[in-house]
Amino acid sequence: MPNVTIIALIVLLPLAAFLLLGLFGKSLFNKGGGIVATMMMLVSAVLALYTAYQYFFVYGSTGGVYHQCIPWQITWLQFYNGLSINIGFLVDPISVIMLVVVTFISLMVHIYSLGYMKGEGRLPVYFAFLGLFTFSMLGLVLASNIFQTYIFWELVGVSSFLLIGFYYNRPSAVAACKKAFIVTRFADLGFLIGILIFSFCANTLDFSTLIQRLTATGSNEVKTAATYSFMGISALSWGAVLVFIGGAGKSAMFPLHIWLPDAMEGPTPVSALIHAATMVVAGVYLVARLFPVFAIATPGVLQIVGWVGAVSAIIAAVIACTQTDIKRVLAYSTMSQIGFMMFALGVSNYGGEQGLGYTAAMFHLFTHAMFKALLFLGAGSVIHYVHNNDMAAMGGLRKQLPITHITFLIACLAIAGIPPFAGFFSKEEILLAAYQHNTAIYYIALVTSGLTAFYMFRLYFSIFWGKPYENHSAHRHGEGGFVMVLPLVLLAVGAAAAGFIPFGHFVTSDGSRLESSVHVQFSLLPVGLALAGIFIATWMYKTDSDRPARVAASIGGLYKAAYHKFYIDEVYVFITKKILFNGIGKLAAWFDRSIVDGLVNLTGTCTVAISRGIKKMQSGKVQGYALYFLAGVIVLATLFIYVWK
Amino acid sequence: MNLLSLILLPLLTAVTVLLCRGGQVKWVAFAGAVLQLALAVALMVAYSHQRAAGNIAQMLFQQQYLLFRGVNIGLHVGVDGISVAMVLLTSLVSLAGVLVSWKIEKMTKEFYFLLTLLALGAYGFFISLNLFVLFFFLEISVIPKYLLIGIWGTGRKEYSANKLALMLMGGSALILVGMLGLYFTAGHSFDILSIANMPIPANTQHLIFPFLFVGFGVFTAMFPLHTWVPDGHSSAPTAGSMFLAGISMKLGGYGCLRVAVYLLPEGAKQYANIIIVLSAIAILYGAFATMMQKDLKYMNAYSSVSHVGFSLLGIGMLTQTAVTGALLQMVSHGLMTALFFAVIGMLYDRTHTRMVGEMGGLLKVLPFISTVLFIVGFCSLGLPGLSGFVAEMTVFVGAWQTDDIFHRAATIAAAASIVVTAVYILRAVAQTTMGPVKNEQFLHLKDAAWYERLAAMLLVAAIVGIGMAPGWLADLLRPAAEIITNRIAGK
């Protein structure tokens, strides 16, 4: 069994760092806060590696099949007998892999930040937020209960909000952090309702029981669930779709991706950690976590997952070809790569050879974390040097930033899928899975692979080649010293070598071993396309020329549309500003003040008016009273004589 | 545990406040509030102890004194989990309220006297088991509100004070009618426990229920009888707003549940759907109306209408889980909104504005207050780890148990508000605290003083405590909620 103390330490150390630096950061560790947090993160990462080793090689498998175990769980909030939010640790291949990824990338980012954020005023706060994020992300991946996932899901959202808005005096950062939170919140609404549907159908919130009950054919829960449907779609499918919407929001899938490019307003190491390697893949992780339900109970929804992934992959790749802010290029690239993971899950089936897509998705998640974090940190070094995000302001930096240059090149080759770098292996598996199950998605993926190679090398050549950049600032700080170079080198090793891990031995849809091998004939086409992409990028961007402009002009409309991100942001602005704010919001506020409160005031006014009217009767004049008296006598007399007799 | 101490202690405090002079007043009020909190905690401990020891009586620590034999009016007190939670809430909010009013200059003695009186009314209300006495304490809490707004208020204070007092009196009138209806149909008794044992014919219940529910509904700002809330809050002094939203609105919710729903289960069943519709409207409509507010106090007042809607929605759903959620929401909203008003007051004292558009960049100059604003904002939008999340999720899960389109649609509509809430909270919090410092004069502002820090930390601790470990509070409330819902289910 896994050691509870060790797993608890992995999770709680970042939380401790958050509390320590958040509460006492200013008074105790104004300078050394970063080092304290990094040390704690180092311990956490080492323990995570140890846990992974123990799980995969010591106790995890029996008879070649990896098992789930829950070494610790408590009831956090009881709703009624049988339904409760439990908080616990779920240890299985994907959660262990995620433990390693999250703690390792977080450690790299901590170290890198020691150099990158040096001289920043609120350093303890920054590291406190990093700790909060890491804690929340670890809680998410270890969740044993779907509501626990939701809890930590919201917490990573808020950490992301805090870190995007770290430079809070920049209005663009404030706008970006709000946007990120609200767009993902909208998606989370879907997730929440999905959870409610699942909990109602399965009468549990624990993953293992839930999956068991909803996937066993003929179980009571499946029978009951089958009696519910809405608009001709079964309750379970609704649940799965809604949960997937939550995942799509967090993973920036089309059309809920609009927050991700703006999120680049945060400090670059944050982008590397949250918006490239860990949080944005939470949606993929969620689908993987519930994969048996998707694959067995609601295969139709899995098709949707696949198509959303494929569409996101190609749209993001096209947009990435036209952006000039290097971080935004990387953001769209992230969205595109997550699209790959998503459709890999979408084309997968449950169990055995048919589950190749599942393995491939998790494999790509793993390798992508390495090379995308590397790309962001490399971009960080460049921005640190140039003090600008725009690729037009860069060029010829390979001399000034030699290590950044080499590591960046490795990452570009990895993401482009050139053997033997990591991305090649994982992407190859994804393409193979798509080829076997869904030809249309396979062709979309092929085109996207070519585009990926093109835009990555467009980025690479624009930064490191072409007209040399002239540094006018007085002090030259080069690559930012050891703390900034070390993470680049370590990640570059990962990006170069991670592909050789036989992933199918460890992570499969049903826990049993899956052999995967490279098929040379199959690889020729994608690698050829990638090389073609690189070649075109070289032709266009290696030396400064008017070729990019001419190419852009020749495809005019498409280029313009892609440059403006297909106007999706404008659509959202229209819906929120015009319809929600000026339409519903103003109407509600007006209605309340004028109609509802108007009625209340009208009641008051009427009361006053009536009392004004009748107060004249109490005039104090005896003649008046005599008149009323006389009138009363006459009326009564009339009544007695004619009516009542 | 003698429950009468919960009435006597504030009474003693109030009298001592009147006898003191000058600078002593606030210390006396403070000491009184601390003792009340200690007493409330002691009550909770004693209560849990009794329950753990296996005492399964519905009401614990009962005491009964007959006051008017002829009409069966008596002082009958006793508590269940709901009362205990509400007493705790009252003591926390009143201590915080006393602290944030530390710098009140005008008529200090009268101010603290009225605050203590308000708390006294609330304690008495929450422990009373006799309708007449309960009503008496309810009225005790109305008059101080009128004076607090009318004398220490800002803006259109006379108008707001009148409106609030008249609307609440209107609610009281309805309650009185309903109460008398109960009295004459349930064997000439005002005693809640004995009325509960009387068989009241269903059609009589259908007749009386609206009076009681709507009457208490006015107090808890049930849509569309909520319009005293925005005006009342915007004019009230900080502590007044805190008491109003943190305690007074809870009197209404408690009354709806304890008196209307508990005593008239058939009536509750009859009108549940109307309650659900009204509260679902309140939740969404309140949230949208909040989005357009530019004054922080108006914003929090409208958001209260929206949040209180969750309580009423939970009550309307009539399941044990949903009612527990409603009660959790009452506690959570009481703490959260009191804290929100406290922070707004702190900001107003410094910047002399409550307009969101006129503030900006305050995180730089007022880090403590801004951080608290962030925390309370996150609580309001239902961030896990803070109390609001626990309450809302319990309501949602409870509401989802009834499986027809109507209940589902209402739940989804209510759940949709979490997005709108995020929009208005982030707008307000980000505009006030983030961005560049808007006004040169803000640069000289001083962050929270000790009493403000203490008040804020007290409420933050409660919010975080419930949010992190909700089990104890839910376990406190659930059995009591179950007794009420079992009656509805006819068990």
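# Worked exercises on a two-chain model

A:P255 lies in the loop between helix 9 (235-250) and helix 10 (259-262) of chain A; helices here are DSSP runs of H or I with at least four residues, strands are runs of E with at least two, and numbering goes from the N terminus. The model is predicted, so local features need pLDDT of at least 70 and side-chain atom pairs count only at pLDDT 80 or more, while totals for chains, interfaces and linings use all residues. Residues are numbered from 1 along each chain as its sequence is written, and chains are lettered from A and ligands numbered from 1 in the order in which they are written.

**Exercise 1. Find the residue that A:P255 is joined to by a cis peptide bond, then look at the bond from A:P419 to A:P420.**

Step 1. The partner of A:P255 is A:F254, and omega of this cis bond is about 0°.

Step 2. For the bond from A:P419 to A:P420, omega is near 5°, and this bond is cis as well. A:P420 sits in the loop between helix 17 (402-416) and helix 18 (422-437) of chain A.

**Exercise 2. Is A:N203 buried, exposed or partly exposed? Then place B:A221 on that scale.**

Step 1. Set the scale: a residue is buried if 20 or more other C-beta atoms lie within 10 Å of its own, exposed if 12 or fewer do, and partly exposed in between, with C-beta atoms placed from the backbone.

Step 2. A:N203 is not a glycine, yet its phi is positive, at about 60°. This residue belongs to the loop between helix 6 and helix 7 (207-215) of chain A. Because A:N203 has 15 C-beta neighbours inside 10 Å, A:N203 is partly exposed.

Step 3. B:A221 also has a positive phi without being a glycine, near 65°. Look for B:A221 in the loop between helix 9 (202-219) and helix 10 (228-235) of chain B. Its 32 C-beta neighbours inside 10 Å are why B:A221 counts as buried.

**Exercise 3. How are helix 1 and helix 2 of chain A oriented to each other? Treat helix 17 and helix 18 of chain B likewise.**

Step 1. Two packed helices are described by the angle between their axes and the distance between the axes. Axes are lines fitted to C-alpha atoms, for helices over the stretch in contact, and angles run from 0 to 180 degrees between N-to-C directions.

Step 2. In chain A, helix 1 (residues 4-28) packs on helix 2 (residues 33-59) at about 170°, with axes 8 Å apart. Helix 1 and helix 2 of chain A are therefore roughly antiparallel, the term for angles over 145 degrees (under 35 is roughly parallel, 65 to 115 roughly perpendicular, the rest oblique).

Step 3. Contacts, meaning C-beta atoms placed from the backbone that lie within 7 Å, include A:L13 and A:L21 on helix 1 of chain A, and A:M40 and A:L47 on helix 2 of chain A. By class, this contact has 17 nonpolar, four polar and no charged residues; Ala, Val, Leu, Ile, Met, Phe, Trp, Tyr, Cys and Pro count as nonpolar, Asp, Glu, Lys and Arg as charged, and the others, Gly among them, as polar.

Step 4. In chain B, helix 17 (residues 387-400) and helix 18 (residues 405-433) pack at about 165°, with axes 9 Å apart. These two helices of chain B are therefore roughly antiparallel. B:F396, B:A399 and B:W400 of helix 17 meet B:H407, B:T411 and B:A415 of helix 18. That contact holds four nonpolar, two polar and no charged residues.

**Exercise 4. Which element of chain A gives the most residues to the side that touches chain B?**

Step 1. Count the residues: 36 of chain A are in contact with 37 of chain B.

Step 2. Elements giving two or more residues to this side of chain A are strand 3 (69-80), helix 5 (146-164), helix 6 (171-202) and helix 24 (568-615). Helix 6 of chain A gives the most, with 13 residues.

Step 3. Sorted by class, this side of chain A has 24 nonpolar, six polar and six charged residues.

**Exercise 5. What does B:S235 touch, leaving out residues up to four places away in sequence?**

Step 1. B:S235 belongs to helix 10 of chain B. With 25 other C-beta atoms within 10 Å, B:S235 is buried.

Step 2. Its contacts are B:I149, B:G153, B:T154, B:G155, B:R156, B:K157 and B:S160.

Note on methods
Contact = placed C-beta atoms within 7 Å.
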